[in-house]
Amino acid sequence: MRKQIAAANWKMNLSHQEADSLLDQLLASQHHLSSNQAVILAVPAIYIPLAVQKLNGKSNIFVAAQNCHQKSNGAYTGEIAASMYASVGVHHIILGHSERREFFAESDSLLAEKTEAVLAIGSTPIFCCGEPLSIREAETQNSFVEAQLKNALFQLSADQIVKVVIAYEPIWAIGSGKTATSEQAQEIHAYIRSVFAAKYGQNIADQISILYGGSVKAANAKEIFSQPDVDGGLVGGASLIATEFAAIINALKP
Ligand code: PEP
């Protein structure tokens, strides 16, 4: 059974005090997570020690990073290596978010390097893919996303790919309040799974969690997560509001 995951992406938001308070509110909402469910909080790097300390001992709740450098160490001022995150207890790293692709010119080949770097130290990449509005309007989203996956991930072995979490995030739905319909989400998630099945076999593809991201909120999470190939969500804006994110966690399949 693949994991059902509610992942929060706080992006570059909140003061230390606000982060502290949001973590407290989330913890107070007392989720019972099944062994098949996980909550992942991708907080700004500077709040990672705070989050790790607060979540210490909580099962199935993990702190994540929003990015990492592809090298293990060296003269890369301002950057953080995957192994550094691991050394403070962070073993999940978002890679290739559309904002990183757009504002920091992250290419598929760079993301291939980052993915390998994260896997090499035994951590879990949360690999983002998704098309811009022009591609959706041209109805070529399947081949666009397929190319992103092939270019960045197909050098991985079957043993490696099962350790990757995929986040499909149509760019036109991120932060826009415009969500893909559950049918649109299911259609492309099934397609993504078929891309992995063609390369690695159905058994491997069936083990890969594929999250949906793009204006997920309490009001639409259940409907989207109920789709057979949607294994939870990567959530931006709504993850900054404890009651919203708590309801999103509760919308996960068991
Ligand atoms: C995201 O940042 O990955 C995201 C999906 O944001 P939002 O939920 O705000 O659309």
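**Note on the predicted model and its ligand site**

1. A polar side-chain atom of glutamate 169 lies 2.6 Å from an oxygen atom of the ligand. The protein covers 96% of the 290 Å² of accessible area that the ligand has on its own. The structure under discussion is a predicted model, and the distances and areas in this note are computed from it.

2. The surroundings of the ligand consist of 14 residues, the closest being Lys11, Glu169, Gly175, Ser215 and Gly236. By residue class, this shell divides into 4 nonpolar, 8 polar and 2 charged residues. Besides glutamate 169, two further residues may be noted here. A polar backbone atom of serine 215 is 2.8 Å from an oxygen atom of the ligand, and an N or O atom in the side chain of asparagine 9 is 3.4 Å from a ligand oxygen.

3. Lysine 11, listed among the closest residues to the ligand, deserves a check of its backbone. Its phi is positive, about 55°, although the residue is not a glycine. Lysine 11 belongs to the loop between β1 (4–9) and α1 (16–28).

4. A positive phi in a residue other than glycine also occurs at glutamate 139, where the value is near 60°. This residue is placed in the loop between α6 and α7 (141–153). Is glutamate 139 buried or exposed? With a relative accessible area of 68%, glutamate 139 is exposed, because that value is over 50%.

5. Glutamate 131 presents another setting. It sits in the loop between β5 (124–129) and α6 (133–137), and it is buried, its relative accessible area being 0%. Which side chains make polar contacts with that of glutamate 131? The side chain of tyrosine 168 does so at 2.7 Å, and the side chain of tryptophan 172 at 2.8 Å.

6. The wider neighbourhood of glutamate 131 can be listed as well. Beyond residues within four places in sequence, its contacts are Arg136, Gln141, Phe144, Val145, Tyr168, Glu169, Pro170, Ile171, Trp172 and Ile188. One of these contacts, Glu169, has a polar side-chain atom 2.6 Å from a ligand oxygen. Another, Ile188, is a buried residue of α9.

7. Threonine 179 is found in the loop between β6 (165–168) and α9 (182–200). It is partly exposed, at a relative accessible area of 21%; the classification follows because buried means under 20%. The side chain of threonine 179 reaches the backbone oxygen of serine 215 at 3.3 Å, and serine 215 is itself among the residues closest to the ligand. A second polar contact, of 3.2 Å, links the side chains of threonine 179 and asparagine 220.

8. Not counting residues up to four places away in sequence, threonine 179 touches Trp172, Ala173, Tyr212, Gly214, Ser215, Lys217, Asn220 and Ile224. Trp172 also appears among the contacts of glutamate 131. By contrast with these contacts, the C-alpha atoms of threonine 179 and histidine 31 are separated by 25 Å, with their positions 148 residues apart along the chain.

9. Helix α9 has 19 residues and spans 26 Å from its first C-alpha to its last, close to the 27 Å expected at 1.5 Å a residue. Its buried residues are Ser182, Ala185, Gln186, Ile188, His189, Ile192, Arg193, Val195, Phe196, Ala197 and Tyr200. As a general point, an α-helix has 3.6 residues a turn, so residues three or four places apart point the same way. The residue that follows α9 is glycine 201, and its phi is positive, near 100°.

10. Alanine 218 is part of helix α11 (residues 218–225) and is partly exposed, with a relative accessible area of 29%. Its contacts, leaving aside neighbours within four places in sequence, are Glu244, Ala247 and Ile248. The C-alpha atoms of alanine 218 and asparagine 250 lie 9.1 Å apart, although the two are 32 residues apart along the chain.

11. Histidine 92 belongs to strand β4 (residues 92–95). Its relative accessible area of 11% makes it buried, because the value is under 20%. Apart from residues within four places in sequence, histidine 92 contacts Ile40, Phe62, Val63, Ala64, Ala65, Thr124 and Ile126. Two of these, Thr124 and Ile126, fall within β5 (124–129).

How values were computed:
Residues are numbered from 1 along each chain as its sequence is written. This is a predicted model: local features need pLDDT of at least 70, side-chain atom pairs count only at pLDDT 80 or more; totals for chains, interfaces and linings use all residues. Side-chain values use heavy atoms; hydrogens and water are left out. Helices (H or I, at least four residues) and strands (E, at least two) are DSSP runs, numbered from the N terminus. Buried means under 20% relative accessible area, exposed over 50%, partly exposed in between (1.4 Å probe, protein chains only). A polar contact is a pair of N or O atoms within 3.5 Å; within protein, one must be able to donate a hydrogen and the other to accept it, and residues adjacent in sequence count only if both atoms are side-chain atoms. Contact means heavy atoms within 4.5 Å. A residue is near a molecule or strand if one of its heavy atoms lies within 4 Å of it. Accessible areas come from the Shrake-Rupley method with a 1.4 Å probe; for residues, only the protein chains shown count as cover. Ala, Val, Leu, Ile, Met, Phe, Trp, Tyr, Cys and Pro count as nonpolar, Asp, Glu, Lys and Arg as charged, and the others, Gly among them, as polar. The expected span of a helix is 1.5 Å times one less than its number of residues.
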